[in-house]
Amino acid sequence: MPTTVQDRSTRLSIPPVPVLSLAAFASQGGAGDAADLPSLLDGADVRLVSSGRIAIGLALGALGVGPGDIVLVPAYHSLSMIPPVLWHGASASFYRIHPDTTADLEDIGVRLAAGGVRALIVTHFFGIPQELSALRVLCERHGVGLIEDCAHCFFGERNGVTIGSTGDFAIGSSMKFFPIYEGGCLVSRRRSLDVTLRRGGPGFEAKAALSAFETSFAYGRLPGMRVALSLPLRLKSLLWNALKSRAGAGAPVPALAPASSDSAFEFDPYWLDKRSSIFSRFVLAHASRQRIVTLRRRHYLAMQSALDGVPGWRPLWPVLPDGACPWVFPLLAECTDAVVERLKEAGIPVVRFGATLWPGVDAAVCANSAALGRQLIGLPCHQDLSAGELAAMIAAVRAALQASTLQTA
Ligand SMILES: *Cc1c(COP(=O)(O)O)cnc(C)c1O
């Protein structure tokens, strides 16, 4: 997750990820509208863990993936999806995707026919539920386990099918949708989960809660709480510094929380049997899901219509389907590097999903993945953008797109 808060006294501008505020717990939107989307957790056997990649590791284990097995992974991916495969001794084989990010079933068919495949991971990119029935049939025919990667898609349905219900297992990255420091989930609507989790320990619990507050304060949220929590936060830094000096030069500092919460791509098997923190589980249980869906859709649509007619870009998808709750607003720019450079200068956080692919995955493996990695800019559309932040972001994106097209004209 791109949550880097160097100095909590610095007020940053636009939060790249959801941030904690009291509004998170207030409901929003009327029943019966598009905001009423099912979630990944509804009606499923659920294990709340510390990250999506840990859930991938558990799903692969439950499918019996082991040394010598092949796991099919989309050529367009997050780097965090591969280490869990390698940890099981398996290898990843990268299948092609179409320009709209849907899986290329023909390419998958060829790879399945070649044999040795134990599991397949399919991703609902950027929060748009994909149609998976044909893929499900293909996997069944070859006796291959299907893992639905819902890291971008915590809520949603397509043709009445809830996300996460087609795969043997599904995984989510709760920290991409909720104002929490750590959190992922393993779910299944088809099997009961044989996974027992243990507490992460008091250091982890404290770090998970205090880090969420720290991020919130850094973006000017919860001003009253900031005073109330200044002592525990100071104690946390004291404790941290004491641990560091005790560990001495070169000695490893004990990790209170997984690296997955700090933008890293590593997979640390230590967290395989650790439950998500009490704090994260509280937020997941009590945050208004309707508010998340309503506001993410509203922000996405506001950006799409405000940028309509501006030259130099097109949306990845022409329309936002009713059953979707977006992770980010994905646009394809003509001059992506120039636009991103300007947005960075303007302090606008962007996600360049797939800009770096696993070594060996290039245009020869999948031209569409390489093109998306080069061109795509993901703009935050999460529920905790204020009206002012959204407006500032839209203005900056318009200016950056216009400037980039003038440059090339
Ligand atoms: C973020 C992400 C993951 C892993 O989620 P973490 O919670 O960061 O471990 C898996 N798949 C995709 C497509 C992702 O973007």
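Two strands are said to pair if DSSP finds at least two bridges between them. In the predicted model considered here, strand β2 (residues 70–74) and strand β4 pair in the parallel sense, and three bridges join them. Within this arrangement, isoleucine 70 stands opposite valine 117 in β4.

Strand β4 also has strand β5 (residues 145–149) as a partner, again in the parallel sense, with five bridges. Here threonine 123 stands opposite aspartate 149 in β5. The connection between these elements involves a helix: β4, helix α4 (residues 133–141) and β5 make a β-α-β unit, and this unit is right-handed.

The surroundings of β4 were examined next. Of the seven residues in this strand (residues 117–123), six are buried, and β4 is therefore largely enclosed by the rest of the structure. In a regular strand, the side chains alternate between the two faces of the sheet.

A further buried position was found outside the strands described above. Alanine 212 lies in helix α5, which covers residues 202–218. The relative accessible area of alanine 212 is 6%; because burial requires a value under 20%, this residue is classed as buried. When residues up to four places away in sequence are not counted, alanine 212 touches Leu20, Pro179, Tyr181 and Phe279. Proline 18 is 194 residues from alanine 212 along the chain, yet the C-alpha atoms of the two residues are separated by 9.8 Å.

Definitions and conventions:
Residues are numbered from 1 along each chain as its sequence is written. This is a predicted model: local features need pLDDT of at least 70, side-chain atom pairs count only at pLDDT 80 or more; totals for chains, interfaces and linings use all residues. Side-chain values use heavy atoms; hydrogens and water are left out. Buried means under 20% relative accessible area, exposed over 50%, partly exposed in between (1.4 Å probe, protein chains only). Helices (H or I, at least four residues) and strands (E, at least two) are DSSP runs, numbered from the N terminus. A crossover is right-handed if, with the strands pointing away from the viewer, the path from the first strand over the helix to the second runs clockwise. Contact means heavy atoms within 4.5 Å.
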